[in-house]
Amino acid sequence: EAGKSGLGAVSEPMLNPRLLNSVKRMTSGRERSMLEVALAEALLALLGATSICLYKMQQTGDGVLVWLVVEATENDTQLYDNGLAMPENIAGIDHFPMLANCLNDGCNQIDGDKTVLPITTVDQRCYGFIEIVGKPMN
């Protein structure tokens, strides 16, 4: 119909201002670290979680290294990896049992109110993890 915008078909909850702000921030970011912050904050808002953590991983000759990149909570968001220097919180994946299980099993891990999901490339190679604390996801 002429004169109607595409928004007419979108339900009211989809126009949540927090969601729209998150999408705006994600799409306006040019630096990877700012995109990661925006992603964590958007997931926090969309899922109603207590916290969202994004982890990166790197496979080396000595094993798999993992570090916390971003932690978003309702009150604060902390960026731990600026992409310029080696993060201080880097450790072997064995220090993160749920992340290790997620990598080894190739699937989500759920323990109580904590869920860990792999972040994969198009060809299914894992390069990081999302940790969601809040309601268990099915």
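By class, the lining of the largest pocket in this predicted model comprises seven nonpolar residues, three charged residues and one polar residue. The volume of this pocket is about 210 Å³. Its lining consists of R32, L35, E36, L39, L54, Y55, K56, V69, I119, Y127 and G128. Three elements, namely α2 (32-47), β1 and β7, each contribute at least two residues to the lining. Of these, α2 provides the largest share, with four residues. Rolling a probe the size of a water molecule over the atoms shows where empty space is left.

Strand β7 spans residues 126-133 and is mostly covered, with seven of its eight residues buried. Strand β7 is paired with β1 (residues 51-60) in the antiparallel sense, over six bridges. Within this pairing, K56 has G128 of β7 as its bridge partner. Both K56 and G128 also belong to the lining of the largest pocket.

Strand β7 is also joined to β6 (residues 114-120), again in an antiparallel arrangement, through seven bridges. Here T120 stands opposite C126 of β7. The two strands β6 and β7 form a hairpin in which five residues lie between them. In the turn of this hairpin, Q124 has a positive phi of about 70°.

The largest nonpolar core contains 16 residues, and those with the most contacts inside it are Y55, V66, I93, L99 and F129. At least two residues of this core come from each of β1, β2 (63-73), α3 (97-105) and β7. The largest share, four residues, is supplied by α3. Y55 thus appears both among these core residues and in the lining of the largest pocket.

When residues up to four places away in sequence are not counted, F129 touches C53, L54, Y55, M57, I93, L99, C102, L103, V116, L117, P118 and I119. Apart from the largest core lies another core, of 15 residues, which includes A40, A49, L54 and I132. L54 is therefore a member of this other core, as a core is by definition a set of buried nonpolar residues joined through side-chain atoms within 4.5 Å. L54 is also one of the residues touched by F129 and one of those lining the largest pocket. In a regular strand the side chains alternate between the two faces of the sheet.

Methods. Residues numbered from 1 in each chain as written. Predicted model: local features only at pLDDT ≥ 70, side-chain atom pairs only at ≥ 80, totals over all residues. Heavy atoms only, no water. Buried < 20%, exposed > 50% of the residue type's maximum accessible area, 1.4 Å probe, protein only. Pairing = 2+ DSSP bridges. 1 Å grid on protein atoms, 1.4 Å probe; cavity = no way out; pocket = protein on both sides within 12 Å on 5 of 7 lines; lining within 4 Å. Points joined across faces, edges and corners; volume = space filled by probe spheres on them. Nonpolar A, V, L, I, M, F, W, Y, C, P; charged D, E, K, R; others polar. Contact = heavy atoms within 4.5 Å.
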